[in-house]
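Trainee: I should like to request a close look at a single part of this model, with its surroundings explained step by step.

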Amino acid sequence: MEEQYNSTIDPACLQEPPLALDVIKQLDVFGIILYAMLTSMSCISLLLYLEQCVFIYKKLPCPKKTTIIWISGAAPVIATMACFGMWIPRAVIITDMTSNCYFAVVVYKVLVLLVEELGGSSAFLERFTGKSFKISTGPCCCCCPCLPRVPMSRFMLFLLKLGALQYAILKTFLSVLSIILWTNGNYDPADVEITGAAIWINPFIGVLTILSLWPVAIVFMNINSLLRSLSIIPKYAMYQLILVLSQLQTSIINILALDGTIACSPPFSSQARGSMLSQQIMIMEMFLISLYTRFLYRRTYDPLPTEARDNEKNNKAALEAAHLEHDI
């Protein structure tokens, strides 16, 4: 019975992902149009990003311009890597890890941007030193409102930056290690056996991800009201959306492929077809996000007023109101 069941499986469903030339040969008219459209999307997003980099480099001061260039490049870089993965299925593990390593740096850069928008570390500490920060935020402690508020200090800011930076460093190191093990046949994302490297590396990366997102969320939740004029909420929302699409969505599709829910379609196995669908969906999503991100970041704006100027403005308004009331 088992031999009869195995004989009904197409041999192509058990093979490695096809070569790029095999992908091109099996394309029909619809496939040619689809691949051409998705490739055009990724190229347009990359070209628009390069033009935006030139604008930001000329118009914005350092180090803010470096931070914005990194953050606004998340969607175009992921779309470009997804395009390479679509055309070269056997390189998907490399393209995915490249995108993930880039986004790991973006997580840290988002925290740096929040601090830079308030004038840098010195101005941030001058404004918030001694003030209590709420730390019961996601993704770690959103369900723990009883956690005490923590006073901001230079050491606290250092810990927040370190919490975000560790992901950029360790994620890159573990990605390089995974690729080295993959070339030697020791790392397979589909291998969930206890003896496989993936079952140990991937959960550890998940823990690092959660620990890195928490400091960014702490800073954002405590200062976002001061940065509303700089569109910080939609900027943070786009960063969160890229995180969900590039990490959670891809993981769900890969799990469905491993489970056999995504059917095999020669020359693509179930896993290879799941990766191909993930790359194609990612290109369309990142293209749209690139356009909106360009609208958010490709502009100049005046710096925020300092806390002293805010207090002076509030006192002046209160004094004018008092004089008006006295005249009446």
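Leaving aside its neighbours within four places in sequence, which residues is Ser178 in contact with?

Mentor: The model before us is predicted. Ser178 lies in helix α8, which covers residues 154–183. Once its neighbours within four places in sequence are set aside, Ser178 is in contact with Met97, Tyr187 and Ile201. Is Ser178 buried or exposed? Buried means a relative accessible area under 20%. The relative accessibility of Ser178 is 1%, and therefore this serine counts as buried.

Let us set this residue within the whole chain. The protein chain holds twelve helices and two strands. Read from the N terminus, the order of the elements is α-α-α-α-α-α-α-β-β-α-α-α-α-α. Of the 328 residues in the protein chain, 44% are buried. Among contacts with a separation of 6 or more, 75% join residues that are 24 or more positions apart. The chain exposes about 17,900 Å², and carbon and sulfur atoms supply 66% of that area.

One of the partners of Ser178 is Ile201, and the range of helix α9, 198–223, takes in that position. Helix α9 is also the place of Ala217. Ala217 has a relative accessibility of 7%, so this alanine counts as buried as well. Between the C-alpha atoms of Ala217 and Tyr236 the separation is 9.4 Å, and the two residues are 19 apart along the chain. Tyr236 also belongs to an aromatic cluster, which it forms with Phe103, Phe220 and Tyr239. The count of aromatic pairs comes to ten.

The loop between α9 and α10 contains Ser231. Phi of Ser231 is positive, near 55°, although the residue is not a glycine. In general, most residues other than glycine have a negative phi. Ser231 is partly exposed, because its relative accessible area is 23%, and the partly exposed class begins where the buried class, under 20%, ends.

Helix α10 comes next, with 28 residues numbered 232–259. How far apart are its end C-alpha atoms? They are 40 Å apart, and this agrees with the expected span because 28 residues at 1.5 Å a residue should also span 40 Å. Helix α10 nevertheless has a kink of about 25°, centred on Val244. Gly260 follows α10, and its phi is positive, near 90°.

For comparison, consider helix α4, made up of residues 64–72. Seven of its nine residues are buried, so the helix is largely enclosed by the rest of the structure. Its buried residues are Lys64, Lys65, Thr67, Ile68, Ile69, Ile71 and Ser72. They pack against α3, α5, α6 and α11. One of these packing partners, α6, covers residues 92–116, a range that takes in Met97, which is in contact with Ser178.

Lys65, a buried residue of α4, has its charged end over the ring of Tyr57, 4.0 Å from the ring centre. A second arrangement of this kind involves Arg298, whose charged end sits over the ring of Phe55 at 4.1 Å from its centre.

To return to your request, Ser178 is a buried residue of helix α8, and its contacts beyond its sequence neighbours are Met97, Tyr187 and Ile201.

Terms used. Residues are numbered from 1 along each chain as its sequence is written. This is a predicted model: local features need pLDDT of at least 70, side-chain atom pairs count only at pLDDT 80 or more; totals for chains, interfaces and linings use all residues. Side-chain values use heavy atoms; hydrogens and water are left out. Helices (H or I, at least four residues) and strands (E, at least two) are DSSP runs, numbered from the N terminus. Buried means under 20% relative accessible area, exposed over 50%, partly exposed in between (1.4 Å probe, protein chains only). Contact means heavy atoms within 4.5 Å. Accessible areas come from the Shrake-Rupley method with a 1.4 Å probe; for residues, only the protein chains shown count as cover. Rings of Phe, Tyr and Trp (its six-membered ring) pair if their centres lie within 6.5 Å; planes under 30 degrees apart count as stacked, over 60 as edge-to-face and the rest as tilted. A charge sits over a ring if NZ of Lys or CZ of Arg is within 6 Å of the ring centre and within 35 degrees of the ring normal. The expected span of a helix is 1.5 Å times one less than its number of residues. The bend at a residue is the angle between axes fitted to the seven residues ending there and the seven starting there.
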